[in-house]
Amino acid sequence: MNTHSHTEEQDATNAYQSLAETVGHDDPRWAFGSGVEDVQAEITSPVPDGVDAGELAQYCLMLGDDALICSHRLSEWVSNAPELEEDVALANIALDLLGQARVLLARAGHVEGGQRDEDALAYLRTEAEFHNVALAELGDGLDFARAIARLLLFSTWRLALLQRLLGSRDPVLAAVAGKGVKEVAYHRDHAARWTVRLGDGTPESHRRMQAALEGVWPYVGELFRTSDVERSLAASGVAVDPADVRDEVDAVLDEVLAAATLTRPQRPAIGTIGGRGGRQGLHTEQLGHVLAEMQSLARQHPGATW
Amino acid sequence: MVTGAEVRARAAAAAVVDPEMPMLTLADLGVIRDVDVVADAVTVTITPTYSGCPAIDAMRDDLRVTLAEAGFAQVQVRTVLSPPWSTDWISDEGRRKLTEHGIAAPGRAGPRAAGPVPLTLTAPSAAVRCPRCGAPTTEEISRFGPTACTALRRCPACREPFEHMKEI
C-alpha cells in the first residue's frame with residue numbers, strides 16, 4: 001500500500017517536472033497574470049482621431065471594472081452552488097468576464113501611457129480608483145436567487161451595451177464586443193432560465209426570487225445614468241450612452257419576469273452623492289470587501305513570480 | 001510566394017494540439033490566423049476561442065517550443081481578438097475527431113443577425129446526435145461544461161453523459 005502510493009507520488013512529481021521542462025519558460029511570470037499586453041496585438045492600436053486618451057482609458061476601466069468585479073462575485077460561488085453543474089456554469093461565466101476585463105484593463109493601461117499593466121490596474125488600485133457600477137460589487141450572501149437576480153440584470157444590460165459597441169471607433173472596444181456579445185448572450189440566457197425556473201417554481205422559490213429582485217432593483221437606475229466621459233465618447237462614436245439601452249433592457253426584463261410569474265419591483269433607486277456614483281469612484285462599502293480578498297495576495301507579495 | 005521555410009513553419013504550427021482537447025490540432029480548431037516567416041524568425045498569429053480561455057497560454061508556449069524545435073531562432077506568437085472565433089471555423093476533420101472521441105461536434109452557428117440579440121427562454125434544442133450510440137436526439141444537462149466551449153448533455157437511449165461543443 002505504502003509502496004504503491006509512494007510510486008504514485010513519484011510519478012506525479014515526474015509528471016510535473018516533465019511538464020515544466022516541456023513548456024520551457026525562459027521568463028519568470030508574475031504570479032498573478034501572464035502579461036496579456038505583450039501579446040494582444042490590438043491593445044497597442046492608436047487612439048482614434050479626435051478622441052481624448054484619458055477619457056478612453058477611463059471608459060475602458062468602467063467596462064473592465066464592471067466585468068472584473070462581477071467576475072469576482074461570481075467566483076465566490078465555486079464549491080458553493082446548489083449543484084456541481086452550477087459551480088461549473090458560474091465559474092465559466094466568471095472566466096468569460098475576467099477575459100473581457102483583462103483586455104479592457106490592458107487597453108486602459110496602454111492608452112493612459114503604459115505605466116500600469118492589467119495586473120497593476122486590477123491589484124494595486126484603491127476603491128476610489130475603480131469605476132464599476134454598484135450592481136457589480138453587490139454581495140449576495142451566498143443566496144442563489146440573489147446571485148441570479150444580479151446576473152440577470154448585469155448580463156442583460158452588458159449585452160445591450162456590447163451589441164452597440166460592435167461599431168465602436170476604438171478597435172479594442174469593438175473587438176471585445178465582438179467576442180463578448182456571443183459570450184454574454186449565453187450568460188443572459190442562463191440567468192433568465194434560472195429566473196423562470198425559480199419564479200415559476202414552488203411558492204418558496206417564487207418568494208425568494210421575488211425578494212432577490214427587490215434587493216437588487218435599487219441599483220438598476222445607476223446602469224442608465226450617463227457619466228461625462230460616456231457622454232463625450234458616445235458623441236465621438238467610441239462609447240455607448242447607457243441611457244440609450246434602457247428601453248431594450250426593460251423589454252427583455254419584462255419578458256423574463258412575465259414568464260417567471262414575477263412582479264417588476266417598485267423600489268426607489270439608491271441615491272447619488274452630488275450626482276456621483278460608481279462611475280466616478282464612489283462605491284458602496286461592499287467593494288472594499290471584494291478588493292480586500294482579490295488584492296491581498298498581490299499586495300502581500302509584490303512582484304512575486306513562479 | 002510561399003517559401004520552403006514558410007511551408008515548414010505552417011506545418012509545424014498547424015500540428016500543435018489543443019491542450020484541453022488534444023485530439024484536435026490548432027489547425028482543426030481554426031485558431032491559427034497567420035504564419036509569417038522572415039529569414040529564421042517566425043510570427044504566428046492565433047485567436048482565442050473565448051475571452052477568458054485559459055488554454056491560450058499553453059497554446060502559445062507549445063507553439064514557441066514546437067517552432068524552435070523546427071529550427072526557427074526567433075518565435076513570436078501574437079494574439080488577435082477580431083474577427084471573433086466561431087465554431088464554424090472547426091474543420092471537417094476536427095468535427096470527425098471530436099465525435100470519434102465522444103464529444104458532439106457543434107452545429108452551424110452562422111453569421112450573427114444585426115440588431116439586439118434575441119432572448120432564448122425555450123428549452124435547448126434536442127437535435128444533438130449522441131456521439132456514442134448515434135441516437136438522433138439527446139438532452140442538455142448544463143449549458144456550461146468542464147471547458148469554456150462545451151455544454152453537458154446526456155443520451156436517453158444509451159444513458160451516457162457526453163460533452164457537446166456549443167455553437168458560438
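**Entry 1: the two domains of chain B**

I began with chain B and found that the C-alpha centres of its domain 1 and domain 2 lie 27 Å apart. I noted for myself that everything here comes from a predicted model. The assigned bounds put residues 4-79 of chain B in domain 1, while domain 2 is made of 90-107 together with 122-165. I then looked up where the two domains touch, and the contact takes 11 residues from domain 1 of chain B and 10 residues from domain 2 of chain B. On the domain 1 side of this contact I listed six nonpolar, three polar and two charged residues.

**Entry 2: the sheet with S1, S2 and S3**

I turned next to an open sheet of chain B in which three strands follow the order S1-S2-S3, with mixed pairing. Strand S1 (32-38) and strand S3 (74-79) of chain B each have a single partner strand and stand at the edges, so one side of each has no neighbour in the sheet. Neighbouring strands of this sheet are turned against each other by 15° on average, with direction ignored. For one pair I followed the bridges: S2(B), residues 41-46, runs parallel to S3(B), and six bridges join the two. As an example to find in the structure, I wrote down B:Val42, whose bridge partner in S3(B) is B:Val75.

**Entry 3: two helices over that sheet**

Which strands of chain B does H1(B) lie across? I found that H1(B) lies across S1 and S2 of chain B and runs at about 145° to S1(B). H3(B), in turn, lies across S2 and S3 of chain B, running at about 155° to S3(B).

I also looked at how these helices meet each other, since two packed helices are described by the angle between their axes and the distance between the axes. For H1(B), residues 4-15, and H3(B), residues 55-69, the angle is about 140° and the axes are 9 Å apart. The two helices are therefore oblique to each other, as angles over 145 degrees would be needed for roughly antiparallel. The crossing in which H1(B) passes H3(B) is right-handed. On the H1(B) side I marked B:Ala9, B:Ala12 and B:Ala13, which meet B:Leu63, B:Thr66 and B:Leu67 of H3(B). Sorted by class, this contact has five nonpolar residues, one polar residue and no charged ones.

**Entry 4: the four-stranded sheet**

Further along chain B, I looked up an open sheet of four strands, which has the order S4-S7-S6-S5 and mixed pairing. Its edges are strand S4 (103-104) and strand S5 (139-142) of chain B, each with a single partner strand, so that one side of each is left without a neighbour in the sheet. S6(B), residues 150-154, and S7(B), residues 161-165, run antiparallel and are joined by five bridges. Among the bridge partners I noted B:Ala151 and, in S7(B), B:His164.

**Entry 5: where chain A meets chain B**

Last, I examined the contact between the chains, which takes 42 residues from chain A and 30 residues from chain B. On the chain A side, the elements that give two or more residues are helices H1 (2-23), H4 (84-111), H7 (144-165), H8 (171-199) and H11 (246-259) of chain A. Which element supplies the largest share of that side? I found that it is H8(A), with 17 residues. By class, the side of chain A that touches chain B has 20 nonpolar, 11 polar and 11 charged residues.

Terms used: Residues numbered from 1 in each chain as written. Chains lettered and ligands numbered in written order. Predicted model: local features only at pLDDT ≥ 70, side-chain atom pairs only at ≥ 80, totals over all residues. Axes fitted to C-alpha atoms, helices over the stretch in contact; angles between N-to-C directions. Parallel < 35°, antiparallel > 145°, perpendicular 65-115°, else oblique. Left-handed = near helix turned anticlockwise from the far one by under 90°. Contact = placed C-beta atoms within 7 Å. Nonpolar A, V, L, I, M, F, W, Y, C, P; charged D, E, K, R; others polar. Pairing = 2+ DSSP bridges. Domains from an automatic or database assignment.
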